[in-house]
Amino acid sequence: MSLILKLIAGIVGGIIAGFYLPMVLVEVLYTAKVIIGQLISFTIPLIILFFIASGIAGLPKGSGHLLSKTVGFAYGSTVIAGTLAVFVVNAFIPFFDGAITFQAAEATNIESLIDIEIPPLMGVMTALATAFIFGIGISQLNLPTLKDVTDQGRDIIDALLAKVIIPALPFYIAGVFAEMAKAGTVADTLSTFGIVLLAALVMHWVWLSALYIASGILLKRSPLELLRNMLPAYFTAIGTMSSAATIPVSLKASKANGVKDEVANFSVPLCATIHLSGSTITIVTCAMAVMLLSPEMSVPPLISMLPFIFMLGIVMIAAPGAPGGAVMSALGLLTSMLGFNEAAVALMIALYLAQDSFGTACNVTGDGVIALWVNRFSDKP
């Protein structure tokens with residue numbers, strides 16, 4: 001929760017700076033935003049490369065029937081959740097279309113004091129293809145040395161996120177809101193923030209309700225009982241903001257729902273990495289809201305959003321266990337497939353981090369459903 005408080009402090013500080021500080025001090029804050037943004041852009045392909053390669057290379061061996069079902073159910077849940085979010089947002093777009101915009105720095109004559117560029121080592125799709133090739137190759141050929149390289153690379157990037165980028169995000173967000181305050185669009189943007197976040201939270205619970213009602217019908221059990229057993233995991237995730245940190249509670253809750261020990265011990269930790277339906281709902285909702293806010297962008301129809309959702313379900317494998325990991329993994333797709341610029345990326349990060357704990361709680365509660373389904377359709381005792 002301290003990250004959310006720091007994020008709020010960054011928003012408030014940026015607004016105050018934009019309204020009351022002289023332009024030169026605002027440009028100092030804007031320069032910090034530019035430098036942090038360059039570092040984020042440089043890191044995105046490395047997140048995808050090392051986390052996906054390490055995740056695929058580390059998939060458990062000798063449990064093919066459990067692995068295929070867990071991955072299939074998790075991916076299907078993630079894609080369907082994202083698709084439903086598109087339907088809901090499109091239904092409400094007419095109420096906001098054309099009413100709210102935010103402006104980029106060019107409109108306020110803010111300039112960075114330092115002209116710096118940190119080009120990424122590779123493109124996002126190159127990183128994704130390389131991660132799959134090496135991840136599958138390491139797994140199939142049993143190459144422990146390369147496995148150690150991907151694991152250690154993942155650890156380095158995870159440390160960079162935890163020690164540098166995530167702590168710097170409040171300054172990044174402050175620069176964005178200082179620029180919006182100078183442009184005079186901050187009030188409309190903040191009012192839309194509240195609506196978008198509320199919509200995401202409502203969709204989380206609608207999605208979880210649909211999952212548990214379907215599971216209750218399938219298993220001929222009470223959906224309320226199944227959901228009640230998972231509530232400790234839900235509230236633990238709100239506090240930790242990490243699916244990985246909630247695994248022990250999720251395991252206990254799944255076993256309380258009658259999932260066999262061997263199925264729960266396999267599926268729940270794996271789902272903590274690959275099943276992020278709550279995060280997908282939030283990312284899709286926030287992305288469409290940011291496109292609505294951006295005067296140079298338009299909200300695409302469902303058919304145009306589907307490729308993004310399908311790719312998002314794959315890239316989510318790269319989501320680190322740290323708070324904000326899901327949106328950091330998705331930034332590459334947002335820029336390459338949806339055309340997000342730096343200002344749109346900053347708004348996206350701010351929106352996502354404001355509800356990260358609730359998205360994580362939806363993820364882990366949904367993991368309990370995946371475990372129930374794998375338990376039901378497992379071929380082996």
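This report describes the fold, the buried core, three of the helices, the salt bridges and a surface patch of one protein chain, taken from a predicted model.

## Overall fold

The protein chain is built from 14 helices and has zero strands, so that, read from the N terminus on, its elements run as an unbroken series of α. Buried residues account for 54% of the 381 residues in the chain, and the surface that the chain exposes comes to about 15500 Å², with carbon and sulfur atoms supplying 69% of that area.

A look at the contacts tells us how the chain is folded back on itself. Among contacts between residues at least 6 apart in sequence, 86% join residues that are at least 24 apart. One pair that is distant in sequence is Leu141 and Ala57, which are separated by 84 residues along the chain, while their C-alpha atoms are 9.9 Å apart in space. Leu141 belongs to helix α4, which covers residues 124–141, and Leu141 counts as exposed because its relative accessibility is 60%, where the cut-off for exposed is over 50%.

## The nonpolar cores

The largest nonpolar core has 112 residues, and within it Ile40, Phe308 and Phe340 are the residues that touch the most other members. When neighbours within four places in sequence are left aside, Phe340 is in contact with Ala287, Val290, Met291, Met297, Leu334, Thr335, Val345 and Met348. There is also a second, separate core of five residues, and its members include Ala17, Val26, Leu29 and Ala178.

## Helices α8 and α9

Helix α8 spans residues 247–256, and its buried residues include Ile247, Ser250, Leu251, Ala253 and Ser254. An α-helix has 3.6 residues a turn, so residues three or four places apart point the same way. One residue of α8 that can be followed in more detail is Ser250, which counts as buried because its relative accessible area is 3%, and the cut-off for buried is under 20%. Apart from neighbours within four places in sequence, Ser250 is in contact with Ala233, Val268 and Val364. Just after α8, Gly258 takes a positive phi of about 95°.

Helix α9 covers residues 261–274 and has 14 residues; the distance from its first C-alpha to its last is 20 Å, which is close to the 20 Å expected at 1.5 Å a residue. The buried residues of α9 are Val263, Ala264, Phe266, Ser267, Val268, Leu270, Cys271, Ala272 and Ile274. Val268, which is in this buried set, is also one of the residues in contact with Ser250.

## Salt bridges

The structure holds four salt bridges, among them the one between Asp151 and Lys147, whose closest N and O atoms are 2.6 Å apart. Both of these residues lie in helix α5, which covers residues 144–183, and they are four residues apart, or about one turn of the helix. Are the two partners buried or exposed? Asp151 counts as buried because its relative accessibility is 14%, and Lys147 is likewise buried, with a relative accessible area of 19%.

Another salt bridge links Arg154 with Asp155, with 3.3 Å between the closest N and O atoms. Here Arg154 counts as partly exposed because its relative accessibility is 28%, and Asp155 is also partly exposed, with a relative accessible area of 42%. The side chains of Glu225 and Arg221 meet in a salt bridge as well, at 3.7 Å from N to O; Glu225 counts as partly exposed at 31% relative accessibility, and Arg221 is partly exposed at 27%. Salt bridges that share partners join Lys147, Asp151, Arg154 and Asp155 into one network.

## A nonpolar patch on the surface

Nonpolar side chains are found on the surface too, where Leu21, Val24, Leu25, Val28, Ile35, Leu113, Ile114 and Ile116 make a patch of about 630 Å². One of these residues, Val24, lies in helix α2, which covers residues 23–57. Val24 counts as partly exposed because its relative accessibility is 49%, and this value falls between the cut-offs for buried, under 20%, and exposed, over 50%.

Methods:
Residues are numbered from 1 along each chain as its sequence is written. This is a predicted model: local features need pLDDT of at least 70, side-chain atom pairs count only at pLDDT 80 or more; totals for chains, interfaces and linings use all residues. Side-chain values use heavy atoms; hydrogens and water are left out. Patches are made of residues with over 30% relative accessible area and no salt bridge: like charges are joined within 9 Å, nonpolar side chains (Val, Leu, Ile, Met, Phe, Trp, Tyr) within 5 Å. Accessible areas come from the Shrake-Rupley method with a 1.4 Å probe; for residues, only the protein chains shown count as cover. Helices (H or I, at least four residues) and strands (E, at least two) are DSSP runs, numbered from the N terminus. Buried means under 20% relative accessible area, exposed over 50%, partly exposed in between (1.4 Å probe, protein chains only). The expected span of a helix is 1.5 Å times one less than its number of residues. A nonpolar core is a set of buried Ala, Val, Leu, Ile, Met, Phe, Trp, Tyr and Cys residues joined through side-chain atoms within 4.5 Å. Contact means heavy atoms within 4.5 Å.
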